[in-house]
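Work through the exercises below with the coordinates open. Each task is followed by a stepwise solution.

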Amino acid sequence: MKHFVGKTLRWDWRDGIVELTLDHEPANEIGSETLADLEKFAAAIPALATETAACIISSARKQGFSAGADLRELYRAAEPLSQQERLASVRQFLERIHAALNLIDGAPFVTIAAVHGICFGGGFELALACDIIVADKMARFAFPELRLGLIPGFGGIPRLKRDVGNAFVRDLLLTGRSINAARAHAVGLVGQLAAEGEALKIARSTAAQITKFDAVTRAAAKKFIKPIPHDELRREIDLFCELFTRPTVIAALKKFVESSDAMPYLP
């Protein structure tokens, strides 16, 4: 499937490059609809792989790449359920999104996240599944989950540990603070720093360069340099589920949902 238009994203294939564009109001929050569209893309990877050298993931939303998981949907789905039902529901969602992101992570073509604005929580985790992050200098990255009594649940911790040092991971995770693109570039999280509004342009230039290389060699190099941390990813799901069932987490989600702040996901 070279062209697709879903409820929350779309993709187009041209000259060996797939461009996947996130476009879900208000800020590309990742809920059940986005997950379903990401699963469609993940399922299309084997067919796309035969003719694809690179894939660019970007956002059409002015606010940024993605504000993270759709916490309002998560709360409304979990609130009326028993503790056992909550656990089963959240585990099923996490296993589905881990499966989709693992397929994107392991795709034989090169994946490039073109990031502007906010790249928080689950959106940050989607970017971390990509091989290269190209960031607009105004982009900001954060894992604000601890303020809700949770940890990142879409694979963020193992993938961030794969890319950068543990001291930086602890600082980002345990403070909940956002960092700018310049610091992210300095620690090696961001591969290329772009001028404001230029991330997609730089990503396209990078993708065009990648099309020049042999497909078999490219896939072998990626597999060698970027192993997927499957064991740690599974442990992350277990820990998230253990934390999610606590009454304090449901109370924190309730407070978040009822907040009148313009951007309550900001740390």
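## Exercise 1: a loop histidine

His-24 touches Thr-8, Glu-29, Glu-33, Thr-34 and Arg-61, leaving out residues up to four places away in sequence; contact means heavy atoms within 4.5 Å. The model is predicted: local features need pLDDT of at least 70, side-chain atom pairs count only at pLDDT 80 or more, and totals for chains, interfaces and linings use all residues. Residues are numbered from 1 along each chain as its sequence is written, and side-chain values use heavy atoms, with hydrogens and water left out.

Task: place His-24 in the fold and decide whether His-24 counts as buried or exposed.

Solution.
- Step 1. His-24 sits in the loop between strand 3 (17–22) and helix 1 (32–49). Helices (H or I, at least four residues) and strands (E, at least two) are DSSP runs, numbered from the N terminus.
- Step 2. Apply the cut-offs: buried is under 20% relative accessible area, exposed over 50%, partly exposed in between (1.4 Å probe, protein chains only).
- Step 3. His-24 counts as buried because its relative accessibility is 19%.

## Exercise 2: strand 6 and its partners

Task: find how many residues of strand 6 are buried, then which residues stand at its bridges.

Solution.
- Step 1. Strand 6 spans residues 110–115, and six of its six residues are buried.
- Step 2. Split them by face. Val-110, Ile-112 and Ala-114 are on one side; Thr-111, Ala-113 and Val-115 are on the other. In a regular strand, side chains alternate between the two faces of the sheet.
- Step 3. Strand 4 (residues 54–59) runs parallel to strand 6, joined by four bridges. Two strands pair if DSSP finds at least two bridges between them. Ile-57 has Ala-113 as its bridge partner in strand 6.
- Step 4. Strand 8 (residues 132–136) is also parallel to strand 6, with four bridges. Here Ala-113 stands opposite Ile-133.

## Exercise 3: the open sheet

Task: give the strand order of the open sheet of four strands, and say which helix packs on the sheet.

Solution.
- Step 1. The order is 5-7-9-10, and the pairing is mixed.
- Step 2. Strand 5 (64–66) and strand 10 (179–180) are the edges, each pairing on one side only.
- Step 3. Strand 7 (residues 118–120) and strand 9 (residues 140–142) run parallel, joined by three bridges. Cys-119 stands opposite Phe-141 in strand 9.
- Step 4. Helix 4 (residues 121–128) packs on this sheet and touches strand 5, strand 7 and strand 9. Its direction makes about 90 degrees with that of strand 7. Axes are lines fitted to C-alpha atoms, for helices over the stretch in contact; angles run from 0 to 180 degrees between N-to-C directions.

## Exercise 4: two cores

Task: state how many residues the largest nonpolar core has, then examine Ala-207.

Solution.
- Step 1. A nonpolar core is a set of buried Ala, Val, Leu, Ile, Met, Phe, Trp, Tyr and Cys residues joined through side-chain atoms within 4.5 Å.
- Step 2. The largest has 69 residues; Phe-41, Phe-141, Leu-160 and Leu-189 have the most contacts inside it.
- Step 3. Apart from that core lies another, of 13 residues, among them Ile-17, Ala-53, Ala-207 and Ile-210.
- Step 4. Ala-207 lies in helix 8 (residues 199–210). Its relative accessibility is 0%, so Ala-207 counts as buried.
- Step 5. Neighbours within four places aside, Ala-207 is in contact with Ile-17, Ala-54, Ile-56 and Ile-112. The C-alpha atoms of Ala-207 and Ala-54 are separated by 5.6 Å, though the two are 153 residues apart along the chain.
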